[in-house]
Amino acid sequence: MFSADTVKRVFVTLRARKCYTCVFPAISPLDCFEFPQECPAGQRCLFSTATGRRGTFQVSMYEKSCAVPSQCGLSGQKYASGLYFNYTNECCDTDLCNGAGSIPALRRGRAALCLLPAVILLLA
């Protein structure tokens with residue numbers, strides 16, 4: 001027989017969960033136009049931070065979405081908008097857990113600046 005804890009863990013893993021998704025990647029955690037989305041069963045809520053640098057200029061991008069478990073806890077490098085970005089993916093397992101209050105940078109009290117005009121000038 002299965003223990004109650006095992007059954008609960010399987011149910012929580014397989015049920016559909018709601019996560020925030022950004023309409024577009026944002027350059028500030030506060031700029032994410034987020035909306036709740038029901039994820040496919042077995043997926044987790046993702047918050048991803050990517051930081052790119054060109055010379056002394058640095059820009060960070062933030063994404064929120066549903067994610068398959070294999071995307072969680074990953075770090076690496078990706079190329080976008082003419083820059084190489086170092087990224088880190090973090091996941092959580094409760095409904096809407098990747099909202100603004102859960103963003104690590106905000107928890108640490110760092111302010112994010114809106115750098116869109118600078119990014120446009122840099123990439124032009």
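How many helices and strands does the secondary structure of the protein chain hold? In this predicted model, the chain comes to 3 helices and 6 strands. Read from the N terminus, the order of elements is α-β-β-β-β-β-β-α-α. The protein chain has 124 residues, and 32% of them count as buried. Its exposed surface is about 7,800 Å². Carbon and sulfur atoms supply 61% of that area. Contacts were also examined between residues at least 6 apart in sequence. Of these, 63% join residues at least 24 apart.

Nonpolar side chains tend to be buried together in soluble globular proteins. In this model, the largest nonpolar core has 7 residues. They are Ile27, Ala50, Phe57, Val59, Leu83, Phe85 and Tyr87. Strands β4 (57-67) and β6 each supply at least two residues of this core. The most comes from β6, which gives 3 residues. Another core, of 6 residues, lies apart from it. Cys19, Cys39, Cys66 and Cys97 are among its members.

Strand β6 spans residues 83-92 and pairs with β5 in the antiparallel sense. The pairing runs over 6 bridges. Within it, Gly76 stands opposite Tyr87 of β6. Tyr87 also belongs to the largest nonpolar core. The two strands form a hairpin, with 2 residues between them. In the turn, Ser81 has a positive phi of about 55°.

Cover on β5 is slight. This strand takes in residues 75-80 and is hardly covered. Among its 6 residues, the count of buried ones is 0. Its partner β6, by contrast, gives 3 residues to the largest core.

Methods: Residues are numbered from 1 along each chain as its sequence is written. This is a predicted model: local features need pLDDT of at least 70, side-chain atom pairs count only at pLDDT 80 or more; totals for chains, interfaces and linings use all residues. Side-chain values use heavy atoms; hydrogens and water are left out. Buried means under 20% relative accessible area, exposed over 50%, partly exposed in between (1.4 Å probe, protein chains only). Helices (H or I, at least four residues) and strands (E, at least two) are DSSP runs, numbered from the N terminus. Two strands pair if DSSP finds at least two bridges between them. A nonpolar core is a set of buried Ala, Val, Leu, Ile, Met, Phe, Trp, Tyr and Cys residues joined through side-chain atoms within 4.5 Å. Contact means heavy atoms within 4.5 Å. Accessible areas come from the Shrake-Rupley method with a 1.4 Å probe; for residues, only the protein chains shown count as cover.
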